[in-house]
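Trainee: Please choose a single part of this model and examine it closely for me. I should then like to know how it fits into the rest of the chain.

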Amino acid sequence: MTEQQGVDRYEDIRAVEAMDPEARWKYFEELIRPCIRCYACRNACPLCYCPTCFVDESRPQWVGKSLDPTDVRTFHFLRAFHCAGRCTDCGACERACPVGIKVRQFTKKLEKEILDLYHFEAGVVPEGRPPLDVFLPDDPDNFIK
Ligand code: SF4
Ligand code: SF4
Ligand code: SF4
């Protein structure tokens, strides 16, 4: 099978980027409103193999267990950042969601940023480590020292 050409795979992400902050916040609030925190998205993700996921930790408890909007948001935001630089946009998370949430709206944005900033596509480059997975002593940015 040949790879599709000429497809703007970030069309949906660009539409979200074009929103003003208020509209974008509303968009994501609506996106995750049906979430029941079943963790099917996490369980289906090939990157989510941590022995104890942050949502299951109790000492310390990083995030509450409830369906309180803050807890739901924290789960989605943190999981997305954990996948930054490693997400291949395979879609397993989205396919697994029983309530049809397009969870790739979070991870795909980060996948796009990694491509723009580091020219790295997880799953495509077989050699080397993901950009956020390495520390270089001679890193030109001072903030890391
Ligand atoms: S699979 Fe869907 S409902 Fe379950 S935690 Fe993930 S986003 Fe929420
Ligand atoms: S969400 Fe984060 S802590 Fe949980 S399994 Fe995935 S990578 Fe690990
Ligand atoms: S699209 Fe990314 S976050 Fe979702 S299952 Fe695949 S690798 Fe995991």
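Mentor: P60 lies in the loop between helix 3 (40-44) and helix 4. Helices are DSSP runs of H or I with at least four residues, strands are runs of E with at least two, and both are numbered from the N terminus. The peptide bond from R59 to P60 is cis, with omega near -5°. The model is predicted, so local features need pLDDT of at least 70 and side-chain atom pairs count only at pLDDT 80 or more, while totals for chains, interfaces and linings use all residues. Residues are numbered from 1 along each chain as its sequence is written, and chains are lettered from A and ligands numbered from 1 in the order in which they are written.

Helix 4 (residues 69-83) leads to the next part of the picture. Two packed helices are described by the angle between their axes and by the distance between those axes. For helix 4 and helix 6, the angle is about 35° and the axes are 9 Å apart. The axes are lines fitted to C-alpha atoms, for helices over the stretch in contact, and the angle, from 0 to 180 degrees, is taken between N-to-C directions. Helix 4 passes helix 6 in a right-handed crossing; that is, the near helix is turned clockwise from the far one by less than a right angle, whereas an anticlockwise turn would be left-handed. Helix 4 contributes H76, A80 and C83 to the contact, and helix 6 contributes F106, T107 and L110. Residues are in contact if their C-beta atoms, placed from the backbone, lie within 7 Å. By class, this contact has 4 nonpolar, 2 polar and no charged residues. Here Ala, Val, Leu, Ile, Met, Phe, Trp, Tyr, Cys and Pro count as nonpolar, Asp, Glu, Lys and Arg as charged, and the others, Gly among them, as polar.

Beyond helix 6, H119 is found in the segment that follows. H119 has a positive phi, near 55°, although it is not glycine. H119 is exposed, with 9 other C-beta atoms within 10 Å. A residue is exposed with 12 or fewer such atoms within 10 Å, buried with 20 or more, and partly exposed in between, the C-beta atoms being placed from the backbone.

A second positive phi, near 70°, belongs to Y39, in the loop between helix 2 (21-32) and helix 3. Y39 is partly exposed, with 16 other C-beta atoms within 10 Å. Y39 is also one of the residues around ligand 1, as are C35, C38 and C41, among others. A residue belongs to such a shell if its C-beta atom, placed from the backbone, lies within 6 Å of the molecule. The shell of ligand 1 has 11 nonpolar residues, no polar ones and 1 charged.

Around ligand 2 are R42, L47, C48, C50, C53, F54, R79 and H82, which divide into 5 nonpolar, 1 polar and 2 charged. Ligand 3 has 14 residues around it, of which C45, C87, C90, A92 and C93 come nearest. Helix 5 (92-96) and helix 6 (104-118) each give two or more residues to that shell.

As for the whole chain, it has 6 helices and 0 strands. Of its 145 residues, 16% are buried. Among contacts between residues at least 6 apart in sequence, 65% join residues at least 24 apart.

Terms used. Contact = placed C-beta atoms within 7 Å.
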